[in-house]
Amino acid sequence: MLAEDVTWTMPPLPHWYRGRAAVLDFAVQVPMTRCPSWRYLVTTANTQPAVAFYLGEHADAPHLPFSITVLTVVADRIAAIDAFTDPAHFAYFGLPDRL
């Protein structure tokens, strides 16, 4: 589902990744491997699809707000992933403060 030239940013962090291989490598190396347990809620941001991600220390622990990740979809591909990593954003979306 990723476009060949997909980008992934994480404001306010200075890191960004470009290209399917770089985005997939980052996803596998960091959030899918180093982060212990994820939960999520689907939402929207400025009419774009988005996911509210919650991070927990383990599967049975409380999961706290981590990022609002906005997807830019062009045709049938994800062209950009923008993960806003400030938990304060969750209140603006009316999202719970834990899962």
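**Strands, cores and contacts: a quick tour**

Let me start with β4 and β5. These two strands run antiparallel, and six bridges join them. One place to look is valine 51, which stands opposite threonine 69 in β5. Keep in mind that this is a predicted model.

Now the other partner of β4. β3 and β4 also pair, again in the antiparallel sense, over nine bridges. Take serine 37: its bridge partner in β4 is glycine 56. Further along, threonine 43 stands opposite alanine 50 in β4.

What sits between these two strands? The hairpin of β3 and β4 has two residues between the strands. Asparagine 46 lies in that loop, and threonine 47 is found there too. Look at their backbone angles. Asparagine 46 has a positive phi of about 50 degrees, although it is not a glycine. Threonine 47 is not a glycine either, and its phi is positive at about 70 degrees. As background, most residues other than glycine have a negative phi, and most peptide bonds are trans.

Are these loop residues buried or exposed? Asparagine 46 has a relative accessible area of 72%, over the 50% cut-off, so it is exposed. Threonine 47 reaches 82% relative accessibility, and that also counts as exposed.

There is another backbone feature elsewhere. Proline 11 and proline 12 are joined by a cis peptide bond, with omega about 10 degrees. Proline 12 lies in the loop between β1 and β2, and β2 covers residues 16-18.

Next, the interior. Which residues make up the largest nonpolar core? There are eleven: Leu2, Val6, Trp8, Met10, Val23, Phe26, Ala27, Leu71, Ile78, Ile81 and Ala83. Three elements each supply at least two of these residues: β1 (2-9), α1 (20-29) and β6 (77-84). Apart from this core lies another one, of eight residues. Among them are Ala50, Ile68, Val70 and Leu95. Back in the largest core, take alanine 27. Not counting residues up to four places away in sequence, alanine 27 touches Trp8 and Met32.

On to the aromatic rings. The structure holds six aromatic pairs. One of them is tyrosine 40 with phenylalanine 53. The centres are 6.5 Å apart, the planes are at 50 degrees, and the pair is tilted. Why does this pair tie together separate parts of the chain? Because tyrosine 40 lies in strand β3 (residues 37-45) and phenylalanine 53 in strand β4 (residues 48-56), 13 residues apart in sequence. Tyrosine 40 is exposed, with a relative accessible area of 55%. Phenylalanine 53 is partly exposed, at 25%.

A second pair to find is tyrosine 54 and phenylalanine 90. The ring centres are 5.1 Å apart and the planes are at 80 degrees, so this pair is edge-to-face. It links distant parts of the chain: tyrosine 54 is in strand β4, phenylalanine 90 is in helix α2 (residues 89-92), and they are 36 residues apart. Both tyrosine 54 and phenylalanine 90 are buried. There is also an aromatic cluster, formed by Trp38, Tyr40, Phe53 and Phe66.

Now please find histidine 63. It lies in the loop between β4 and β5 (64-74). Its relative accessible area is 1%, under the 20% cut-off, so histidine 63 is buried. What does its side chain reach? It makes a polar contact with the side chain of serine 37, at 2.8 Å. It also reaches the backbone oxygen of alanine 61, at 2.8 Å. Leave aside the neighbours within four places in sequence, and histidine 63 is in contact with Ser37, Trp38, Arg39, Tyr54, Leu55, Gly56, His58, Arg98 and Leu99. You have met serine 37 and glycine 56 already, as bridge partners.

Last topic: charge. Side chains of opposite charge can pair when their charged atoms come close. How many salt bridges does a search of the whole structure find? One. Arginine 20 pairs with glutamate 4, and the closest N and O atoms are 3.1 Å apart. Arginine 20 is in helix α1 and glutamate 4 is in strand β1, 16 residues apart, and the pair links these distant parts of the chain. Arginine 20 is partly exposed, with a relative accessible area of 30%. Glutamate 4, at 55% relative accessibility, counts as exposed.

Note on methods
Residues numbered from 1 in each chain as written. Heavy atoms only, no water. Core = buried A, V, L, I, M, F, W, Y, C linked by side-chain atoms within 4.5 Å. Buried < 20%, exposed > 50% of the residue type's maximum accessible area, 1.4 Å probe, protein only. Helix = DSSP H or I, 4+ residues; strand = E, 2+ residues; numbered from the N terminus. Contact = heavy atoms within 4.5 Å. Phe/Tyr/Trp six-rings, centres within 6.5 Å; stacked < 30°, edge-to-face > 60°. Polar contact = N/O pair within 3.5 Å; in protein donor to acceptor, adjacent residues only side chain to side chain. Pairing = 2+ DSSP bridges. Salt bridge = Lys/Arg side-chain N within 4 Å of Asp/Glu carboxyl O.
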